[in-house]
Amino acid sequence: MRKAAAKREIKQERAARTRVEILEAAITLFARRGILATTMAQLAKAIRMTPGALYWHFPTKEDLLLAAIDELHGRYMAEFQEVLSEHRTHPARVQLKTFMERTQQFLRYHREYGIFFGMVSAESAENNDRVAEAIREKLGIYVAAAENIIRYGQNKTKEFRLDVDAGQAAHSIIGGFIGAVLHQNLFRESVTYDATLTTLAQLLVEGTVTR
């Protein structure tokens with residue numbers, strides 16, 4: 001009985017590791033090629049797996065995309081949990097700057113994550129309602145976090161301008177960071193990542209504060 005249980009545990013651990021490897025490869029390929037240009041055969045080849053084995057883990061490309069979105073969302077939330085909890089007592093401007101700095105830092109080391117969201121968002125909006133809804137749901141959580149900070153600065157600490165629409169400003173922040181990552185990737189020979197994102201954050205924060 002113990003040997004059987006141990007074998008099951010080993011198999012489960014291997015399956016979990018394989019799933020992570022598949023998702024990592026999928027995120028990278030979808031970020032580089034997009035949804036339509038990426039095939040399950042290419043994904044299987046990237047992780048040295050037979051297409052049949054890949055389909056055993058994920059029956060369709062849509063299932064794989066949805067799992068990749070959930071995986072990235074988990075990583076984002078783990079990164080921002082501290083910012084969204086421990087910094088709540090700080091002034092709103094400090095909260096917003098910290099939120100943006102953490103976003104910039106996270107995407108600095110994982111730019112393919114931002115590119116993935118940008119590529120998948122653009123394609124799914126026209127071609128796959130289920131994937132588009134999953135992306136909207138996850139990005140909506142990040143938008144809500146930024147919006148809460150802005151509203152706090154407007155209504156509580158009085159640091160932010162009241163003529164700024166908090167919801168639209170939050171969408172501008174999240175969309176701006178994803179767009180900036182895509183843009184910098186295109187102009188990477190002449191435009192540096194940190195300079196681009198730092199300037200964007202400065203414009204967004206300074207445009208929100210009261211004078």
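**Exercise 1. Describe the fold of the chain.**

Read along the sequence, the pattern is α-α-α-α-α-α-α-α-α. That gives 9 helices and 0 strands. Both are DSSP runs, numbered from the N terminus: helices are H or I with at least four residues, strands are E with at least two. The model is predicted: local features need pLDDT of at least 70, side-chain atom pairs count only at pLDDT 80 or more, and totals for chains, interfaces and linings use all residues. Residues are numbered from 1 along each chain as its sequence is written, and side-chain values use heavy atoms, leaving out hydrogens and water.

Now the dimensions. The C-alpha atoms fill a box of roughly 65 × 45 × 30 Å along the principal axes.

**Exercise 2. Place Thr38 and list what surrounds it.**

Step one: locate Thr38. It sits in the loop between α1 (2-33) and α2 (40-46).

Step two: is Thr38 buried or exposed? Thr38 is buried, at a relative accessible area of 0%. Buried means under 20%, exposed over 50%, partly exposed in between (1.4 Å probe, protein chains only). In the chain, 44% of the 211 residues are buried.

Step three: find the partners. Beyond neighbours within four places in sequence, Thr38 contacts Leu29, Phe30, Arg33, Leu43 and Lys61. A contact means heavy atoms within 4.5 Å. Lys61 is 23 residues from Thr38 along the chain, and their C-alpha atoms are 9.1 Å apart.

**Exercise 3. Characterise the annotated span.**

UniProt lists residues 39-58 as "DNA-binding region" in an unreviewed entry. Such annotations may be inferred rather than shown by experiment; positions follow the numbering used here, and feature names are shortened. In the model, this span is 70% helix and 0% strand. Its end C-alpha atoms lie 13 Å apart.
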